[in-house]
Amino acid sequence: QVQLVESGGGLVQAGGSLKLSCAASGRTFSSYHMGWFRQAPGKEREFVAFITYTGGRTSYADSVKGRFTISRDNAKNTVYLQMNSLKVEDTAVYYCAAQSVGGAGRYDYWGQGTQVTVSS
């Protein structure tokens, strides 16, 4: 089992920045690729960003590319999402998720989410 706890959400004005954190406990954090997802009211959950277990490769949704940065610190069992130049449409509940290395590409563990609200 891996337990994931997100933090760092809040209310910010458009153009501002927030940094989300996702702390992992349980099985070896460095054995998991990590992803960030978000879900806005009335919408499906969508992919935001991904980082491999070593941190050597990342990928982003087109909507956040150039504004968001995913990173991880395996010594601290934590993955981060730095969000800059925030837009109103970035408002959502943000979730981190863990994907087993060598698994089927499925995210096995999810956090409870943290609310990000961007005001105009």
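Modeller: Strands are DSSP runs of E, at least two residues long, numbered from the N terminus. By that numbering, Ser85 lies in the loop between S8 and S9. The model is predicted.

Biologist: What makes the phi of Ser85 worth a remark?

Modeller: The phi of Ser85 is positive, about 50°, although Ser85 is not a glycine. Most residues other than glycine have a negative phi.

Biologist: Why is Ser85 called partly exposed?

Modeller: Its relative accessible area is 42%. Buried needs under 20% and exposed needs over 50%. The value for Ser85 falls in between, so the residue counts as partly exposed.

Biologist: Which phi value is given for Asn77?

Modeller: The phi of Asn77 is near 55°, again a positive value in a residue other than glycine. Asn77 lies in the loop between strand S7 (68-73) and strand S8 (78-83).

Biologist: How do you know whether Asn77 is buried, exposed or partly exposed?

Modeller: Its relative accessibility is 29%. That is not under 20% and not over 50%, so Asn77 counts as partly exposed.

Biologist: What is the secondary structure of the protein chain as a whole?

Modeller: The chain has 0 helices and 11 strands. Along the sequence the pattern reads β-β-β-β-β-β-β-β-β-β-β.

Biologist: How many disulfides does a search of the whole structure find?

Modeller: The search finds 1 disulfide.

Biologist: How do you know that Cys22 and Cys96 form a disulfide?

Modeller: Their sulfur atoms are 1.9 Å apart. The cut-off is 2.5 Å, so the pair qualifies.

Biologist: Why is the disulfide of Cys22 and Cys96 given a hand, and which one?

Modeller: The torsion about the S-S bond is about 55°, so the disulfide is right-handed.

Biologist: What parts of the chain does the pair link?

Modeller: Distant parts. Cys22 sits in strand S3 (residues 18-26) and Cys96 in strand S9 (residues 92-100), 74 residues apart. Both Cys22 and Cys96 are buried.

Biologist: What else is found in strand S3?

Modeller: Leu18 is found in S3, and Ser25 is found there too.

Biologist: Why is Leu18 called buried?

Modeller: Its relative accessible area is 15%. The limit is 20%, and Leu18 is under it, so the residue is buried. Beyond four places in sequence, the contacts of Leu18 include Gly8, Val12, Leu81, Met83 and Val116.

Biologist: What makes Ser25 partly exposed?

Modeller: Ser25 has a relative accessible area of 36%. That lies between 20% and 50%, so partly exposed is the right label.

Biologist: Which residues does Ser25 touch?

Modeller: Leaving out residues up to four places away in sequence, Ser25 touches Gln1, Val2 and Gln3. From Ser25 to Gln1 the C-alpha atoms are 8.5 Å apart, across 24 residues of sequence.

Biologist: Why is Gln1 called exposed?

Modeller: Gln1 has 57% relative accessibility. Over 50% means exposed, so Gln1 passes. Gln1 is found in the segment before strand S1 (2-7).

Biologist: Where does Gln1 make its contacts?

Modeller: Beyond four places in sequence, Gln1 is in contact with Ser25, Gly26, Arg27 and Tyr109. The C-alpha atoms of Gln1 and Arg27 are separated by 6.1 Å, though the two residues are 26 apart along the chain.

Biologist: How do you know that Ala104 is exposed?

Modeller: The relative accessible area of Ala104 is 73%, and the threshold is over 50%, so Ala104 is exposed. Ala104 lies in the loop between S9 and strand S10 (107-110). Between Ala104 and Thr117, 13 residues apart along the chain, the C-alpha separation is 33 Å.

Biologist: What makes the radius of gyration of the protein chain agree with a compact globule?

Modeller: A compact globule of 120 residues would have a radius near 14 Å; the chain has 13 Å, which agrees. The C-alpha atoms fill a box of roughly 40 × 25 × 25 Å along the principal axes. Of the 120 residues, 42% count as buried.

Biologist: What does the protein chain expose?

Modeller: About 6100 Å², with carbon and sulfur atoms supplying 46% of that area.

Biologist: How far apart are the mean positions of the positive and negative charges?

Modeller: For the 12 positive and 8 negative charges, the mean positions are 5 Å apart.

How values were computed. Residues are numbered from 1 along each chain as its sequence is written. This is a predicted model: local features need pLDDT of at least 70, side-chain atom pairs count only at pLDDT 80 or more; totals for chains, interfaces and linings use all residues. Side-chain values use heavy atoms; hydrogens and water are left out. Helices (H or I, at least four residues) and strands (E, at least two) are DSSP runs, numbered from the N terminus. Buried means under 20% relative accessible area, exposed over 50%, partly exposed in between (1.4 Å probe, protein chains only). The radius of gyration is taken over C-alpha atoms; the globule rule is 2.2 Å times the number of residues to the power 0.38. Accessible areas come from the Shrake-Rupley method with a 1.4 Å probe; for residues, only the protein chains shown count as cover. Lys and Arg count as positive and Asp and Glu as negative; His and the chain ends are not counted. The place of a charge is taken as NZ of Lys, CZ of Arg, CG of Asp or CD of Glu. Contact means heavy atoms within 4.5 Å.
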